[in-house]
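Trainee: Please take me through one part of this structure in close detail. I would like to follow a single strand and its neighbours.

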Amino acid sequence: MCAYVLVAEDDEKQAELIRRSLLSEGHTAAVVHDGRAALDEVRRNRPDLVVLDLMLPVVDGFGVCRALRENDDVPVLVLTARSTEDDVLLGLELGADDYMTKPYSPRELMARVRTVLRRAGRPPGGLRGDPVVRAAGIAVDPLRHTVLCDGSPVDCTPGEYEILLAMAAEPERVFSRRQLLHHTRGTDRASTERAIDVHIMNLRKKIEADPRRPTRLVTVFGVGYKLRGDRA
C-alpha cells in the first residue's frame with residue numbers, strides 16, 4: 001500500500017529519518033514541525049496517516065489529536081519520549097490508533113505504519129484526492145512528483161523538488177540553509193549549505209518572472225529563505 005503520510009515532529013533529524021524511511025517503503029511524505037502546521041496540512045491534503053509527536057510547539061500532540069478526532073478520521077500513530085501510563089492512556093483516549101515510545105528502530109516504526117494503514121483500511125491518498133501542496137502559485141504533487149508554476153510544468157532536479165515540497169508545505173516559514181540541506185540529503189548527498197544557494201538561484205530562474213527581484217521565493221537576510229504564503 002502506497003500512502004501519503006504526514007510527519008509532525010519538531011526534531012528535524014528525527015523527522016528526516018522518518019521521512020526517508022517512509023520513502024524507502026514506497027510512501028510519500030510531508031513534514032511539519034508544529035501542531036498548527038499539522039492541522040493545516042490535514043485540512044488541505046487529508047493524509048492517509050499522521051505520525052505525531054506529542055511534544056510539538058504551538059499546539060501539542062494531545063491538542064492535535066483532539067482536534068483531528070473532532071473533525072476527521074485520519075489514523076494517528078503517536079511517537080513520543082513520554083512513556084508514563086497516564087500519557088499513553090490519554091493519547092489512546094483522544095483517538096490515537098497506536099503508540100510508540102522513543103527510542104525506536106526505523107524497522108519497527110515502518111512495521112507499525114503498515115499495521116495502522118492495514119487496520120484502518122483507508123485507500124491510498126491518490127484515490128481520495130492528490131495531496132498537492134500549494135503556495136505562491138506553485139503546486140507540488142508528491143504522488144506524481146511534479147511541479148507546476150501558474151499551471152505550467154516546471155522541470156526540477158531532485159534537490160530542487162525536495163526544497164520546493166518542503167517550503168510549499170509550510171508557506172511563510174523561514175528555512176535556514178541547514179534545514180533545507182536536511183531535505184535534500186536523500187536525493188543530493190553531495191550538497192553543502194552553500195549548494196543550497198545554487199538550488200535557490202536555479203529555482204528562481206524557473207519560477208520567478210524576474211529572478212533578480214524574486215516575489216515568490218524570497219530571502220530573509222541573515223536567516224534563510226521562505227516561500228510566500230499566497231495559495232495557488
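Mentor: Here is a close look at strand E7 and its neighbours, then some salt bridges. Keep in mind that this is a predicted model.

Strand E7 covers residues 138–141. Ile 138 and Val 140 point one way, and Ala 139 and Asp 141 point the other way. All of these residues are buried.

Take the E6 side. Strand E6 spans residues 133–135 and runs antiparallel to E7, with three bridges joining them. One bridge pairs Ala 135 with Ile 138 of E7. The two strands form a hairpin with two residues between them. Ala 136 sits in that turn and has a positive phi of about 55°.

Now the E8 side. Strand E8, residues 146–149, pairs with E7 over four bridges, again in the antiparallel sense. Here Ala 139 has Leu 148 of E8 as its bridge partner. E7 and E8 also form a hairpin, with four residues between them. In this turn, His 145 has a positive phi of about 60°.

Next, the salt bridges. The structure holds 20 of them. Glu 16 forms one with Arg 19, with the closest N and O atoms 2.8 Å apart. The two are three residues apart in helix H1, so about one helical turn separates them. Glu 16 is buried, at 6% relative accessible area. Arg 19 is buried too, at 5%.

Compare Arg 43 and Asp 40, whose closest N and O atoms are 2.6 Å apart in their salt bridge. Helix H2 holds both, three residues apart. Arg 43 is exposed at 56% relative accessibility, whereas Asp 40 is partly exposed at 27%.

Technical notes
Residues are numbered from 1 along each chain as its sequence is written. This is a predicted model: local features need pLDDT of at least 70, side-chain atom pairs count only at pLDDT 80 or more; totals for chains, interfaces and linings use all residues. Side-chain values use heavy atoms; hydrogens and water are left out. Buried means under 20% relative accessible area, exposed over 50%, partly exposed in between (1.4 Å probe, protein chains only). Two strands pair if DSSP finds at least two bridges between them. A salt bridge is a side-chain nitrogen of Lys or Arg within 4 Å of a carboxyl oxygen of Asp or Glu.
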